[in-house]
Amino acid sequence: QRQMCIRDRVEDGAKYHLISISDNGPGIPDDLKGRLFQRRSRGRTESKGSGLGLYLVKVILEELGGRVWVEDRVPGDHTMGARFRLLVPAALESQRE
């Protein structure tokens, strides 16, 4: 089961949207979390992906002044699922026009 939540957040005076996407799958072991967003990293999967998806998300968010990370859905127990978090800068009113 997947869940998605979007909340507004302020960090260091800047406004952001925090997007959280959680599941109750097998989770991501700690030793893979640090490598997950590296270019051509596919983790332990049988998928035919190129390993660029999460890397591109990271690069784009960092270019915009945001960030992405993954954590345990249940803190301290990766076997209970994963939670991906994307911190996206809120658009300025003048930029929306």
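**Group meeting: the sheet, helix α2 and the side-chain pairs**

Let me begin with a single detail, which is that E11 stands opposite A14 in β2. I should say straight away that what we are looking at is a predicted model.

That detail belongs to a longer pairing, since β1 and strand β2, which covers residues 14-23, run alongside one another in the antiparallel sense over ten bridges. Stepping back to the whole sheet, we have four strands in an open arrangement, in the order β1-β2-β4-β3, with antiparallel pairing. The edges are formed by β1 (2-11) and β3 (67-74), each of which pairs on one side only, and neighbouring strands are turned by 25° against each other on average, direction ignored.

Now to helix α2, which lies across β3 and β4 (77-89) and runs at about 35° to β4. Its length can be checked: the helix has twelve residues, 53-64, which at 1.5 Å a residue should span 16 Å, and the end C-alpha atoms are 17 Å apart, so the two values agree. Just after α2 comes G65, which takes a positive phi of about 95°.

Within that helix, K58 and E62 meet through their side chains in a salt bridge, at 3.4 Å from N to O. Because these residues are four apart in helix α2, about one helical turn separates them. K58 is partly exposed, with a relative accessible area of 29%, and E62, at 45%, also counts as partly exposed.

The structure holds seven salt bridges, and I would like to pick out two others. In one of them, K33 joins D72, with the closest N and O atoms 2.4 Å apart; K33 lies in helix α1 and D72 in strand β3, so this pair ties together parts that are 39 residues apart in sequence. Are these two residues buried or exposed? Both K33 and D72 are buried.

In the other, R85 and E71 form a salt bridge with their closest N and O atoms 2.9 Å apart, linking strand β4 to strand β3 across 14 residues of sequence. R85 counts as buried because its relative accessibility is 18%, under the 20% cut-off, whereas E71, at 25%, counts as partly exposed.

Finally, the structure holds one aromatic pair. It is formed by F37 and F84, which meet edge-to-face, 6.3 Å centre to centre with 75° between the planes. F37 sits in the loop between α1 (30-33) and α2, while F84 is in strand β4, 47 residues apart. With a relative accessibility of 8%, F37 counts as buried.

Key:
Residues numbered from 1 in each chain as written. Predicted model: local features only at pLDDT ≥ 70, side-chain atom pairs only at ≥ 80, totals over all residues. Heavy atoms only, no water. Helix = DSSP H or I, 4+ residues; strand = E, 2+ residues; numbered from the N terminus. Expected span 1.5 Å × (residues − 1). Pairing = 2+ DSSP bridges. Axes fitted to C-alpha atoms, helices over the stretch in contact; angles between N-to-C directions. Contact = heavy atoms within 4.5 Å. Phe/Tyr/Trp six-rings, centres within 6.5 Å; stacked < 30°, edge-to-face > 60°. Buried < 20%, exposed > 50% of the residue type's maximum accessible area, 1.4 Å probe, protein only. Salt bridge = Lys/Arg side-chain N within 4 Å of Asp/Glu carboxyl O.
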